[in-house]
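Let us take a walk through this structure together, one region at a time. Keep the viewer open as you read.

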Protein chains: 2
Amino acid sequence: MTRARARKQAEIRQANLQRILDAAEVVFSRRGLQGATIDEIAAGAGLPKANILYYFRSKQHLYRAVIDNIVQLWLSTLGDISPDHDPREALLHYVRLKVRLSKERPHASRVFAAEVLSGAPVIGRFLRTDLKRWVDRQAAVFRQWSRQGRMEPIEPRHLFFLIWAMTQTYADFEVQVQAVLGRRTLREADYARAERTIGALVLRGCGLVPRGPRRPNKS
Amino acid sequence: MTRARARKQAEIRQANLQRILDAAEVVFSRRGLQGATIDEIAAGAGLPKANILYYFRSKQHLYRAVIDNIVQLWLSTLGDISPDHDPREALLHYVRLKVRLSKERPHASRVFAAEVLSGAPVIGRFLRTDLKRWVDRQAAVFRQWSRQGRMEPIEPRHLFFLIWAMTQTYADFEVQVQAVLGRRTLREADYARAERTIGALVLRGCGLVPRGPRRPNKS
DNA sequence: GTCTATATCGAGATAGAC
DNA sequence: GTCTATCTCGATATAGAC
């Protein structure tokens, strides 16, 4: 086999893997691990059923690959918060990123949510090790800021639980938001308003001043 | 058949129905609709499998009964907010009730969450009708309070999305909270802290003063 | 590497004895 | 009303042709 041909095959392989992962994310988010069928994933990916099981040994293996994919996306998008940052800017930035992820990758968010909801059988270890360490690191920064009087002493770990909950609800409970707002689909304006409202709650909750005309007179 | 005997049979029937509903709630919350098996529900209820299908025509019917049960619990526990109430007290009371529901009925919360997550195939109509109307009513009260200068003009419907998200995360994402806090199970102190933290965010977010020594000097 | 045909199995639902 | 035995079906996974 020529080098050119080998490279072409590798490209096809990569493309197929990505198509399968993308389709699987959608189907798992709508049907759950048990409810999803390889047939439906194959249809979504535009490939015959048997090819799915050629690339991934079993439905379980495919599911783990999807979850790993999502965790990588989360970790690569959300870096660490540095003590040098301005608390107000850092919190707003984090909220903004999380809301954007909910808008851009709602299926990923819902697959993750369903996994945790059902007891995190696959991702439990990650939560107890990497995620716990990440939160502990950020919490130390927040405590430092509190000691320096740069923000109120809100319990930092619970603050993260609440920010995650608020930002992810626009992906995970999207149909409920749509139903209550009377919309067929959420618009950019809805996410912008979500971002502002969450930002206001978080900043004021931490004793920081939201942007804009609401800043009180120092006099 | 004597009257006494008929009454006894009715009692057994009621007891069995309740045992099945309770067991089903737990199994559905752990496995999802598709993942749950009638066998496991029967084992949980201490009844033979066939009896489940004697009381409920099918797994789907049982699932709908569980969902209806949960909605009834929500509606009966959380009444309407009246314009006569004090905004601060009303919001704190609502947050407290929701956190208590997450603590007392985590399985119910998770079944509901999984239903909405998967697109609300069963409960969609309820969300678009009864729930929407309920939120619209409460939103009108909040807007009135804002006009009267009794609270900041936070968008009320989003405020509900955020309160729901924050309070339910302690049930729905319980394993994640446990993992990050390094606990085997959540304690009363954890729920109390959750309640305080959510209360602080919501009150300050609405321009209301949290309780206690943090009240600023008016001077 | 790709796809068709099929073995296998688990689980929902039912028939019918008690 | 209750329970055992069984039917039936849908979906995973595999065997093997191409």
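Helices (H or I, at least four residues) and strands (E, at least two) are DSSP runs, numbered from the N terminus. With that in hand, Thr37(A) can be placed in the loop between α1 (3–35) and α2 (38–45) of chain A. Before going further, a word on conventions: this is a predicted model, in which local features need pLDDT of at least 70 and side-chain atom pairs count only at pLDDT 80 or more, while totals for chains, interfaces and linings use all residues. Residues are numbered from 1 along each chain as its sequence is written, chains are lettered from A and ligands numbered from 1 in the order in which they are written, and side-chain values use heavy atoms, with hydrogens and water left out.

Chain A is a good place to get your bearings. Its secondary structure comes to 10 helices and zero strands, and the C-alpha trace spans about 75 × 40 × 40 Å along its principal axes. For accessibility, buried means under 20% relative accessible area, exposed over 50%, and partly exposed in between (1.4 Å probe, protein chains only). By that measure, 50% of the 219 residues of chain A count as buried.

Back to Thr37(A): how accessible is its surface? Thr37(A) has a relative accessible area of 38%, so it is partly exposed. Its C-alpha atom is separated by 9.8 Å from that of Lys49(A), 12 residues apart along the chain. Elsewhere in chain A, Gln168(A) sits in helix α8 (residues 156–172). Gln168(A) counts as buried because its relative accessibility is 7%. Its side chain makes a polar contact (a pair of N or O atoms within 3.5 Å; within protein, one must be able to donate a hydrogen and the other to accept it, and residues adjacent in sequence count only if both atoms are side-chain atoms) with the side chain of Lys98(A), at 2.7 Å.

Now turn to the DNA, starting with strand C. A residue is near a molecule or strand if one of its heavy atoms lies within 4 Å of it. Which residues come nearest to DNA strand C? Of the 13 residues around the strand, they are Pro48(A), Asn51(A), Tyr54(A), Ile38(B) and Lys59(B). Sugar and phosphate account for 70% of the atoms of DNA strand C that come within 4 Å of the protein. Two tyrosines reach phosphate oxygens of this strand with polar side-chain atoms: Tyr54(A) at 2.8 Å and Tyr55(A) at 3.2 Å. A polar side-chain atom of Lys49(B), by contrast, lies 3.4 Å from a base nitrogen. The elements giving two or more residues to this surface are α3 of chain A and α3 of chain B, and α3(A) has the largest share, with four residues.

For the class counts, Ala, Val, Leu, Ile, Met, Phe, Trp, Tyr, Cys and Pro are nonpolar, Asp, Glu, Lys and Arg are charged, and the others, Gly among them, are polar. The surface near DNA strand C then has seven nonpolar, four polar and two charged residues.

DNA strand D has 14 residues around it, of which Lys49(A), Lys59(A), Pro48(B), Asn51(B) and Tyr54(B) come nearest. Here sugar and phosphate make up 66% of the strand's atoms that come within 4 Å of the protein. Phosphate oxygens of DNA strand D are found 3.0 Å from a polar backbone atom of Lys59(A), 2.9 Å from a side-chain N or O atom of Tyr54(B) and 3.1 Å from a side-chain N or O atom of Tyr55(B). The most residues, four, are given to this surface by α3(B). By class, the surface near DNA strand D holds seven nonpolar, five polar and two charged residues.

Finally, look at helix α6 (residues 106–117) of chain B. The expected span of a helix is 1.5 Å times one less than its number of residues. The 12 residues of α6(B) should therefore span 16 Å, and its end C-alpha atoms are indeed 16 Å apart. Since 10 of those 12 residues are buried, α6(B) is largely enclosed by the rest of the structure. Among the buried residues are Arg110(B), Phe112(B) and Glu115(B). After the helix comes Gly119(B), with a positive phi near 100°.
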